[in-house]
Amino acid sequence: MKSRDEVIHIQNKHLKRQLERIYNNSPFYRKKMDTHGILPGDIRDLDDLRKFPYTTKDEIIAHNKELFAVSMKQIQRLQSSSGTIGNYYVAGYTKTDLEIWSSCVAASLEMAGLDSRDILQVAFNYGLFTGGLGFHYGGERLGMAVIPTSTGSTSRQLDFIEKFQSTVLACTPSYFSYLTEEMRKRHIQAQSLKVAFLGAEAWGTELRERLQSQYNIELFDIYGLTEILGPGVACECGIHDGLHVFEEHFYPEVVGIESEECCAEGEVGELVLTTLTKEATPLIRYKTRDKTSITYKRCECGRVEARIAKITGRIDDMLIIKGVNIYPQQVETILLRQREFSSNYILVVEREAYLDMAKIFIELESQFQGLDDDKRKEIIGITERMIKQELYISISITIVPEGTIKRSDGKAKRVIDRRKCNA
Ligand SMILES: [Zn+2]
């Protein structure tokens, strides 16, 4: 294994080449650097990179085609972030970019102790979204049997697990919750499943504890975003104490959400990423809008690569209710402390007579459907008090019958903000 110094040496070497590449080939960065009076030689190492201005999502969407640092002849693939027309970003991949992507996903799978004998079922969407194809080629690279079930058709999904004994599942945490719920209802044992990779949505340790206590499946958090690569930017090892960043390819920084100053180790801020090797659409100091912290301490697994904490939400998801800032993830954390509550819930925010009103509609876990009224009132009361104490806001909770909340095979919609519709 490498030492920390060796990692930094490789990063500095890649950074130098990357700055020359963008200055010579990316019209967007050429202009940005000229505007700020920066030449590639001015940034000699990672410390100097702090002089480089941030790159924002609005900028890259507005100047998408100018971000390309290669011609279409060298492009082998395009993928895109979600969003309405005019509001999504298209990333390009050269042959080398695709090879690096597969190798990062393969390394993520290896970190979970998997090898070519494993059977990977990819229940992420295939298409412009990076989840499906990203996992697909990573699994193939490791020599695994890959089953591209994609999203939807839950019956077929479960049938494949039963018949072909898939050992690994890759999907969103909300779809994983739904699949396990269906397994229980249909009395499917799924004993072959030993590992699941969950990504594309923030999910808390409460959900991990709940799912792992019910099923003998080890859950790994994997992080990525289309703008930078796709899944495989960072991944958990078997210690499950943060996600190792594939630092030879991505340089991570965490900066203050408002101050934009570099955070101290362990301090929560916004994740900023620089692609060190990306050829087609390189990004320098890209503000991801994801909230996390970073540590450089050697992990118990022996790896020296920096670790980011589990993403605790997107800055854009922040809700301001009655003047109080809250993240949906904070609400979920409190809800899941009651084992009777399921992870199927929805948070509705409305404005009544100029006042913000927040309500939660939540289902109970299947085994608690028969809970009597007194017990229901009790868990609602406890949870409402905890929300008030910890988040400084009153949110009323209503238990709804099982199956009321719409299930999702991709990213789940947990918040309905009706104030935006009325505005
Ligand atoms: Zn580790």
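**Exercise 1. Surface and burial**

State how much area the chain exposes and what share of it carbon and sulfur atoms supply.

Solution. In this predicted model, the chain exposes about 19,200 Å². Carbon and sulfur atoms supply 49% of that area. For the burial count, a residue qualifies when its relative accessible area is under 20%. By that cut-off, 56% of the 423 residues are buried.

**Exercise 2. Overall dimensions**

Decide whether the radius of gyration agrees or disagrees with that of a compact globule.

Solution. Start from the chain length, 423 residues. A compact globule with that many residues would have a radius of gyration near 22 Å. The chain has 22 Å, so the two agree. Along the principal axes, the C-alpha trace spans about 70 × 55 × 40 Å.

**Exercise 3. Contacts and charges**

Find what percentage of the contacts between residues at least 6 apart in sequence join residues at least 24 apart, then describe the charged side chains.

Solution. Take the contacts between residues at least 6 apart; 65% of them join residues at least 24 apart. Next, count the charges: there are 56 positive and 60 negative side chains. The centres of these two sets lie 3 Å apart.

**Exercise 4. An open sheet**

Give the strand order of the nine-stranded open sheet and identify its edges.

Solution. The chain has eleven helices and 20 strands. Nine strands form the sheet, in the order β4-β3-β5-β6-β7-β8-β9-β14-β13, with mixed pairing. β4 (145-147) and β13 (294-295) each pair on one side only, and these are the edge strands. At the β4 edge, β3 (residues 119-122) runs parallel to β4, joined by three bridges. Ile 119 has Ala 145 in β4 as its bridge partner.

Key
Residues are numbered from 1 along each chain as its sequence is written. This is a predicted model: local features need pLDDT of at least 70, side-chain atom pairs count only at pLDDT 80 or more; totals for chains, interfaces and linings use all residues. Side-chain values use heavy atoms; hydrogens and water are left out. Helices (H or I, at least four residues) and strands (E, at least two) are DSSP runs, numbered from the N terminus. The radius of gyration is taken over C-alpha atoms; the globule rule is 2.2 Å times the number of residues to the power 0.38. Buried means under 20% relative accessible area, exposed over 50%, partly exposed in between (1.4 Å probe, protein chains only). Contact means heavy atoms within 4.5 Å. Accessible areas come from the Shrake-Rupley method with a 1.4 Å probe; for residues, only the protein chains shown count as cover. Lys and Arg count as positive and Asp and Glu as negative; His and the chain ends are not counted. The place of a charge is taken as NZ of Lys, CZ of Arg, CG of Asp or CD of Glu. Two strands pair if DSSP finds at least two bridges between them.
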